[in-house]
Amino acid sequence: MVTPPPESGSRDLPLDPDDRPESHPRKALPVPIYLSMQRVRFSSPDAYEKFKVVFGDTRHHLMKLPGFLHLTWWEHPDDPGWFNECSFWTSKKALYDWHTDTYHKHAKAWAANGAIMEDIITNFELVGTRLLRICPTCGELQDKVYELAQEQAVLREQCPNCGFHFPYLTEQPSSFAVFKDVPLDQLDDVPGPDTEAATNGTAPVGDDRQPVDA
């Protein structure tokens with residue numbers, strides 16, 4: 001929904017309470033999209049350089065997986081030794097499909113053999129996804145909920161008022177940015193066992209029933 005700017009000329013973006021789970025009904029989220037974040041430190045600069053060679057081939061294997069959506073790699077601006085990996089999946093099962101992939105298993109074994117000093121893994125289930133955009137040409141403000149499984153199509157949408165093309169990142173040879181949309185009719189409509197707790201913000205997804213694996 002497009003919200004016109006106030007007559008005073010100032011634009012007030014919606015307040016944080018609009019982001020609460022109750023503001024986005026569960027029926028708008030037909031599947032528990034799964035998100036994984038890893039905070040990584042390498043044992044040495046040389047280990048990181050070797051890691052980039054192994055990691056660079058990841059995109060070829062991820063794009064073959066039906067449940068893969070998004071992978072990005074980030075370097076912390078205040079700590080050059082702290083790296084973040086973020087990935088999105090159509091379900092918890094889709095992430096575990098990646099864990100059983102032959103390339104992933106060999107890459108993980110290589111990394112665990114001294115290349116990585118620390119890996120902090122945090123997994124979540126999606127509660128809501130929202131896009132805020134202000135067109136630099138005409139000032140049109142967009143504020144809308146959208147399906148994360150269709151993010152690449154949404155990011156390629158032009159400004160509905162003047163047609164401005166917003167910038168977006170495409171797949172990179174380094175595998176530090178890999179993206180894919182999944183048709184909505186291919187998503188599993190049956191919520192997972194942890195969906196209710198994650199939606200209500202009452203519990204993390206990882207539990208004692210199965211290990212949280214990277």
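1. Let's start with the outward side of helix H4 in this predicted model. Thr102, His106, Ala112 and Asn113 are exposed there, on the face turned away from the helix's buried side.

2. Which residues of H4 are buried? They are His104, Ala107, Ala111 and Ala115. Viewed down the helix axis, the buried residues of H4 fall within an arc of 70 degrees, so they line one face of the helix. Their cover includes S1, H1, H3 and strand S4 (116–125).

3. The geometry of H4 (residues 102–115) is worth a quick check. With 14 residues at 1.5 Å a residue, the helix should span 20 Å, and its end C-alpha atoms are 19 Å apart, which agrees. At the N-terminal end, aspartate 101 acts as a cap for H4, with a side-chain oxygen 2.9 Å from the backbone nitrogen of tyrosine 103.

4. Now to the interior. The largest nonpolar core has 20 residues, and those touching the most other members are Phe42, Tyr48, Leu62, Phe68, Trp73 and Trp89. At least two residues each come from strand S1 (34–42), helix H1 (45–55), strand S2 (68–75), strand S3 (83–89) and helix H3 (92–99). H1 gives the largest share, four residues. Another core, of twelve residues, lies apart from this one; Ile33, Leu69, Phe88 and Leu187 are among its members.

5. Phenylalanine 42 is a handy residue to click on. Neighbours within four places in sequence aside, phenylalanine 42 is in contact with Ala47, Tyr48, Phe51, Trp73, Phe83, Ala115, Ile116 and Met117. One of these, Ala115, is also among the buried residues of H4.

Note on methods
Residues are numbered from 1 along each chain as its sequence is written. This is a predicted model: local features need pLDDT of at least 70, side-chain atom pairs count only at pLDDT 80 or more; totals for chains, interfaces and linings use all residues. Side-chain values use heavy atoms; hydrogens and water are left out. A nonpolar core is a set of buried Ala, Val, Leu, Ile, Met, Phe, Trp, Tyr and Cys residues joined through side-chain atoms within 4.5 Å. Buried means under 20% relative accessible area, exposed over 50%, partly exposed in between (1.4 Å probe, protein chains only). Contact means heavy atoms within 4.5 Å. The expected span of a helix is 1.5 Å times one less than its number of residues. The arc is that of the directions from the helix axis to the C-beta atoms. A polar contact is a pair of N or O atoms within 3.5 Å; within protein, one must be able to donate a hydrogen and the other to accept it, and residues adjacent in sequence count only if both atoms are side-chain atoms.
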